[in-house]
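Please look over the fold shown here and work through its sheets and helix packing.

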Amino acid sequence: MLSRSAASKAQSLARLSGTMSRPVFGGAMVMRAALLHTLKPRQTSAAAVAETSSAAATSGASGVSATEPSAVATQKAFAPLDTFLRRHVGPRDSDIEAMLKVLGFKSMDEMIRAAVPDSIRLPEPLAIADGEYPERELLAKLKAIASRNKVYRSFIGTGYTDTVVPGVILRNVLENPGWYTQYTPYQPEISQGRLESLLNFQTVISDLTGLPAANASLLDEGTAAGEALVVCLNSSRKKNRTVFFADENCHPQTLAVLKTRAEGFGAEIIVGDYKTFDFSTIGDRLAGALVSYPDTYGTIGDYRALANKVHELGGQVVVAADLMALAVLQAPAEFGADIAIGNSQRFGVPLGYGGPHAAFFATTAANQRRVPGRIIGVSRDADGNRAYRLALQTREQHIRREKASSNICTAQALLANMSAMYAVYHGPEGIKAIADRIHRFAQVLAAGVARAGHTVENASYFDTLRIRVAASTTAEEIHARANERQINLRHIDAATVGITLDEAVTRDELAQLVEIFGGNSGEIDTAVGSAAATASESSAIPTGLARQSAILTHPVFNRYHSETEMLRYITQLQGKDLSLANAMIPLGSCTMKLNATTELIPITWPEFSQMHPFAPANQAQGYAQMIGDLEADLAAITGMDATTVQPNSGAQGEYAGLRAIRAYQASRGEAHRDVCLVPESAHGTNPASAVMAGLRVVIVRCSGGNLDLADLEAKAAKHADRLAAVMITYPSTYGVFEHGVVRAIDIVHAHGGHVYMDGANMNAQVGLTSPGHVGADVCHLNNHKTLAIPNGAGGPG
């Protein structure tokens, strides 16, 4: 969220779009957050009607007949009973009275006046677009919005594919509050189930990449590439190793995020063709090189020579890998990769218009202590029994703070658990069978379009074909034919089309794809018989790159292959955990709530879950409406003028906000401003995010839980020429509405800086005050705290 004092709306959004850490929307998260429409009571809610009715009865006693038909009586008769307030706001009037009595207050208003300074209170009640909906009406409204999305069958690829989510996982993990309301597993004694599942995720990643150290988990492939860049930069003792090479055929969104991340660390990104680039021109300045396996257009590169060359120069090789392809392709570690990253979405997680999905990061033992996020490890409990815990958090922001090089915590854990369960359910043979099936159908499609006179430009492929259309037609005509059949293909250029197949493809869809290119679909059955049944037999897999090593050998991946067995395993792990389905989790660092079932039902509707992030905009009008409404409501709640919903975690919101401030200052000729004041009480992500944005952190003292205004003013004055921002959490991490917040903001503004407000505790501000009202320039919200997104053991956030 951005205020006019930071920049005009147009300037803010333009700057922000150029520096965002995520190029596609996490649609499922946006949809859940959009349910904040339910927060504001209508004037016709049951409580309001009761008050009005009471007043009417009083007036009746003074001469107006109580039996006389009236609008009030009609309102009362038709007032909804299944309101969110009635079902989901826990304290009753008697509970509130008892708590107020203990605290020594006569009313809620009196308590609020004592806690929240009058100087920052909103002068008018908060107004957002919609009032409170009964639950059934809310679902009906969401169905109407969902109907505006056109769910075409997407073969666009680019890092996102359709998948078949096993029903036992969909129902018992994604839709189960015993899994989606779990908290981040800081306390291992109440987290053994989710820790075991996350260890399974790490094992899947380690097995498929061949690398010994894997974390659990990251946000998406783009941010994982950014984390890999920093590991490469920090692993060298030579400070001049600041150049990072990225192959031009990586996914475009990955390259975009990588370039943005590099700016904060003073690194140079060179994008080129790894086959022809002269690495000797970089020499000992090379920190690392990124390639995709397969690349964005489907080619399976042989990177052995590249790995040797990069290693000779002292750099590291980063491979952005397709997890399903690794089931049948040589493991990256076997050809010299030092780091492997990617997205686990196609392991049983719906598309969701771009997220949330769990990314992965695996590396060598030498890099283990530089791994971002967390590693789950095996230990022993007090009785000597096998137990799990968070074993490695060396780069964690809450440990290293301003010395951290990453602001990542446990990320997208719910989705990592889904992908882990997908691997457990299918096992090694099932995963390989899915991969072989995908590749077999890709061979059939390649043969069909070739017989129709088109050229498959990539001789090697797993699931993706880059097709140069015949001279007798155009790519535009191919896309028009596909559109008539409600099929999306990838737009590459005027003569080239991309197609990526997935595990959900059917015979009918394969026939339609062949027909779109003018081929004979009647030959499909013959082509299937002629195609190599397994990838290891296929000529489309380069010599030496078919997988020889075993995958998923641990017993957990070879035991639970019937639905009954899988259901019992999921339930067994769930029973080892404490979630909001069992009890309250009173942790102030990450405010929890039991999300209403009605809020979560729509996330599995196909209109939301099966939308590809790069589908044409005219197919996603429902999402566009929801995003627009949400942005407007968030602007009203925060008192800001412009909103973006692209950051896919609270920490990424911090980073995006600081980058927006820096971009705005640069546009005014103030790019030299690079000092960020951070209170010592701040969340650890604050100083870490500042470092990632290329800022120098200066710590401000706190006294008695409050910001030391004298120290703030002294340091603002000292660094006035270079002051970029201050980061303030409000209420503070101690839960206090500091009376000096307006004075603090004035001090920073007077010395040329901007004010970033951490929205981690925004739920305490809603309706009482707002960041914009008190004078902040930028803020972020943790939607899983303030609005309607579950924590899920550490993300989605």
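The questions below go from the whole chain to the sheets and then to the helices.

Q: What is the basis of the model, and how are residues numbered?
A: Residues are numbered from 1 along each chain as its sequence is written. This is a predicted model, in which local features need pLDDT of at least 70, side-chain atom pairs count only at pLDDT 80 or more, and totals for chains, interfaces and linings use all residues; side-chain values use heavy atoms, with hydrogens and water left out.

Q: How many helices and strands does the protein have?
A: Helices (H or I, at least four residues) and strands (E, at least two) are DSSP runs, numbered from the N terminus. On that basis the protein has 29 helices and 22 strands.

Q: What percentage of the residues of the protein count as buried?
A: Buried means under 20% relative accessible area, with exposed over 50% and partly exposed in between (1.4 Å probe, protein chains only). Of the 797 residues, the buried share is 60%.

Q: Among contacts between residues at least 6 apart in sequence, what percentage join residues at least 24 apart?
A: Contact means heavy atoms within 4.5 Å. Among contacts between residues at least 6 apart in sequence, the share that joins residues at least 24 apart is 76%.

Q: Which strands stand at the edges of the open sheet of seven strands?
A: Two strands pair if DSSP finds at least two bridges between them. The sheet has mixed pairing and the order 2-8-7-6-5-3-4. Each edge strand has a single partner strand, so one side of each is left without a neighbour in the sheet; these are strand 2 (213-214) and strand 4 (268-272).

Q: In strand 6, which residue is the bridge partner of Val291?
A: Strand 5 (residues 286-293) and strand 6 (residues 316-321) run parallel and are joined by six bridges. In strand 6, the partner of Val291 is Val319.

Q: What angle does helix 14 make with strand 6?
A: Helix 14 (residues 304-312) lies across strand 5 and strand 6. Angles run from 0 to 180 degrees between N-to-C directions, and axes are lines fitted to C-alpha atoms, for helices over the stretch in contact. Helix 14 runs to strand 6 at about 145°.

Q: In the open sheet of five strands, which residue of strand 21 is the bridge partner of Thr729?
A: The sheet has the order 17-16-20-21-22, with parallel pairing. Within that order, strand 20 (residues 723-729) and strand 21 (residues 754-758) pair over five bridges. In strand 21, the partner of Thr729 is Asp758.

Q: Which residue takes a positive phi in the hairpin of strand 9 and strand 10?
A: Strand 9 (residues 375-380) and strand 10 (residues 386-392) pair in the antiparallel sense over six bridges. Arg380 stands opposite Arg386 in strand 10. The hairpin has five residues between the strands, and the positive phi, near 85°, belongs to Gly384.

Q: Is helix 12 parallel or oblique to helix 13?
A: The axes of helix 12 and helix 13 (residues 252-264) come within 8 Å and cross at roughly 40°. Angles under 35 degrees count as roughly parallel, over 145 as roughly antiparallel, 65 to 115 as roughly perpendicular and the rest as oblique. Helix 12 is therefore, relative to helix 13, oblique.

Q: Which residues of helix 24 make the contact with helix 13?
A: Helix 13 and helix 24 (residues 650-667) pack at about 70°, with their axes 12 Å apart. The two helices are therefore roughly perpendicular to each other. Helix 13 contributes Thr260, Arg261 and Glu263, and helix 24 contributes Gln652, Tyr655 and Arg659.
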